[in-house]
Amino acid sequence: MNSPSRDAKSEFERIIDDAILSAYGKVDFERKMLGDTIKYASSEFGDLSCSISFALARSLRKDPRKIAAEIAKHAKAGRLVAEIGAESGYINARLDRASYGSAVIERIAAMKKDYGRSEIGKGHRVFVESPSVNPNKPWHVGHLRNAILGSVISNLLEFCSYDVERENYIDDLGLQVAESVWGYMHMGNEPDKKFDTWLGEQYVMVNKRMSEKAAVKEEINHLVKRMEAGGTDEAKTAREIAEKCVAAQYETASMYGICHDILVWESDIVSEKLLEKALSVADKAGMLEKPKEGKYAGCVTINLDKVKELAKDFENPLEDTKVLVRSNGTATYVAKDFAFHMWKFGIIEDTFKYRTFIRKQVDGGELRTTSPSGERKRLGPADSVINIIDDRQRYPQLILKAAFKLLGYPEISSSIVHLSYGTVGVSGGSLSGRKGGWMGEDGRSYTADYLLEEVSKKAAEIVGNSKKVTDTSKVGEIARAIALGAIKFDFVSVAPEKDMLFSWERALKFEGDTGPYCIYTYARATRLLEKAGPAEHKLVEKDYSALGAGEFAVIKLLSVADEMVEKACRERRPNILTDYLLELCTAFSKFYEAVPVIGSGEAERARLAVVSSTRQTIGNMLLLLGIKPLERM
RNA sequence: GGGCCCGUAGCUCAGCUUGGAUAGAGCAGCACCCUUCUAAGGUGAUGGUCACGGGUUCAAAUCCCGUCGGGCCCGCCA
């Protein structure tokens, strides 16, 4: 079934094209341009508007207002597009409410859960990497922004028929983890709280001690080497601790309804010798330099001078040489990431062993992990990857793309997408893991756990007072869902590139442009349909001639759901979805408040169909955002 | 030295990629609307030099150049 919205736009385009022909004969203008000049108009002017007259003004040597009027005069109404007029240079059209309305509602009734879906990603495999938090601390609100973005982007991609692998990279060999492991082995403290939180607090203490005592620093540096060597006791202990920490982090993820498909551990990358394989591939391609003298003597490097055209960042950097392998033989972060991406794109064969990490996540899916022992399986290759990493890593991500260009894979280079997002700050400080900024003060921390706890508490107060929630045993569950809706919606609704300042006032807001408002709208629609009776809203009405302006405003918005989904997916801006959802909810609320539905006589059945379609669409959009629609609140 | 992101109402933010009609929401504040489908809502009024200066265009918040503010990046750290 075709989209009425797209049908209407192309019908309008055809009508205007014909009208131009009959008014002026053959006119020299770009046919493609016509479609671009057609937009949805604010309803005082009509439903659709076209600004082609301005473009034609030059070649026709006429006033655009005159042109618009002449085109409108020659235009013949179609099946969906009726009433064509002209005003101040624009050609405006009204849609035929009955035929457009029935087309939209029938489509939603037929597609149900699939309404809004798109096929643009069919046959395309994409890896989404997120949130890749170090396994030595709990998720804080900054990590949460990443995890939520990753989750919504993945949902969007799936809804657009992409084959999505949700991947979480775990760097268990870094200095950070080593510090935590050192603390675990030497500080003699017993975990007395959730393991990730406890470990994160250890880390802060160890870091302080390390900066005070050189001997500690040395021990930790030694520990890093022992961990990287693999097979050592230290390596085993480190992995055990890190796994325990990741398991704790996934308790958080699970509460937030955030799920992944695969964990990839740095220590497994090392033991599978991905780096050596990658360097050998790179060496064969002739992209590596091995200076014998000078500043980089004994290193393996690449030269960014050759990829200047890739980004302005490379034009005049302080240094155009990038080290992959240090003179002491260890690899840099960029080298590791390069190797990892060769694996993602299948340049290096997948020799990882996999086992189950979590049997069943909240979405029902299994979370697997790379592991020293387990089953072989091929995950790749990816057609493209989306790395959700904050803006500060823009430069290394560019180097990664540059490396593939140098390797001779320009198409891979352009298939690596860095979805860069702004940092989350807290007033008067940063969320530094090292210094413990995430721990907050006065008992209020910035962990994702604490955030959810606090927001749930406030939600529970409100739900507890709700006359609509009569089953008190459900209060906790409903409050939790509302809290999640509030938090997720808030994070997603800010454009990714913007920095955010976390504030409790903002986090605890349930009114206005918020997730709870959207859930509330859904609940209202649900109850209305319940009261109307079980059979009523299942009917698709044949006659929509009774639709008023309020209902039709809703229908117009309903009709563009798939276009909004596609746009949000293509541009990787999930806030397009929250904007759309708010607009839809607002239009519905206005309609809901303005006219009665039940007992409205002639109009009742058509209005119920609008309510039912809206409920379905709001529900679909909420699920895409990872928010649970509630029947009651 | 070079690069990136941000600057829109008192506050928090959409809109900018693809230029179009009087620049949109929410919050705060003001005035209203619950014996009537959930008031977490709706209505009305108020609130803007779209940081600033140029340019392109019939048309600029949107594109280009420059300036000023704020944040970030350019390591044999991770």
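Two aromatic rings of Phe, Tyr or Trp count as a pair here if their centres lie within 6.5 Å. By that yardstick, this structure, a predicted model, holds 19 aromatic pairs. Besides the rings, there is RNA strand B with 65 protein residues around it, and an open sheet of eight strands.

**Around the RNA**

- Out of the 65 residues around RNA strand B, the ones that come nearest are Glu 44, Arg 58, Tyr 90, Arg 326 and Asp 579.
- On the RNA side, sugar and phosphate make up 64% of the strand B atoms that come within 4 Å of the protein.
- Sorted by class, the surface near RNA strand B has 30 charged, 25 nonpolar and ten polar residues.
- Arg 524 puts a side-chain N or O atom 2.5 Å from a phosphate oxygen of RNA strand B.
- Tyr 517 also goes for a phosphate oxygen of strand B, with a polar side-chain atom 3.0 Å away.
- For Arg 506, the target is a sugar or linking oxygen of RNA strand B, which lies 3.2 Å from a polar atom of the side chain.
- Several elements give two or more residues to this surface: α3 (52–60), β4 (90–95), α14 (394–407), α16 (448–464), α19 (515–532), α21 (561–571) and α22 (575–594).
- The largest share, seven residues, comes from α19.

**Aromatic pairs and a cluster**

- Let's start with Phe 54 and Tyr 90: their ring centres are 5.3 Å apart and the planes stand at 65°, so this is an edge-to-face pair, given that angles over 60 degrees count as such.
- Phe 54 sits in helix α3 and Tyr 90 in strand β4, so this pair ties together parts that are 36 residues apart in sequence.
- Phe 54, at 40% relative accessibility, counts as partly exposed, and Tyr 90, at 36%, counts as partly exposed too.
- Tyr 450 and Trp 504 make another edge-to-face pair, with ring centres 5.8 Å apart and planes at 85°.
- That one links distant parts of the chain, 54 residues apart: Tyr 450 belongs to helix α16 and Trp 504 to helix α18 (residues 504–507).
- Both Tyr 450 and Trp 504 are buried.
- Elsewhere, ring pairs join Phe 127, Tyr 169, Phe 340, Trp 343, Phe 352 and Tyr 354 into a cluster.

**Charges over rings**

- Trp 504 turns up again here: the charged end of Arg 444 sits over its ring, 4.5 Å from the centre.
- Lys 458 does something along those lines with Phe 510, lying over the face at 5.1 Å from the ring centre.

**Strands and sheets**

- The open eight-strand sheet runs in the order β12-β10-β11-β7-β6-β5-β13-β14, and its pairing is mixed.
- At the edges stand β12 (375–376) and β14 (416–421); each has a single partner strand, so one side of each is left without a neighbour in the sheet.
- Inside that order, β7 (residues 262–265) and β11 (residues 367–371) run parallel and are joined by two bridges.
- Ile 262 stands opposite Arg 368 in β11.
- Strands β8 (residues 300–303) and β9 are antiparallel, with four bridges joining them.
- One bridge in that pairing matches Asn 303 with Thr 321 in β9.
- Strand β9 (residues 321–325) is mostly covered, with four of its five residues buried.

Note on methods
Residues numbered from 1 in each chain as written. Chains lettered and ligands numbered in written order. Predicted model: local features only at pLDDT ≥ 70, side-chain atom pairs only at ≥ 80, totals over all residues. Heavy atoms only, no water. Near = heavy atom within 4 Å. Polar contact = N/O pair within 3.5 Å; in protein donor to acceptor, adjacent residues only side chain to side chain. Nonpolar A, V, L, I, M, F, W, Y, C, P; charged D, E, K, R; others polar. Phe/Tyr/Trp six-rings, centres within 6.5 Å; stacked < 30°, edge-to-face > 60°. Buried < 20%, exposed > 50% of the residue type's maximum accessible area, 1.4 Å probe, protein only. Lys NZ or Arg CZ within 6 Å of the ring centre and 35° of its normal. Pairing = 2+ DSSP bridges.
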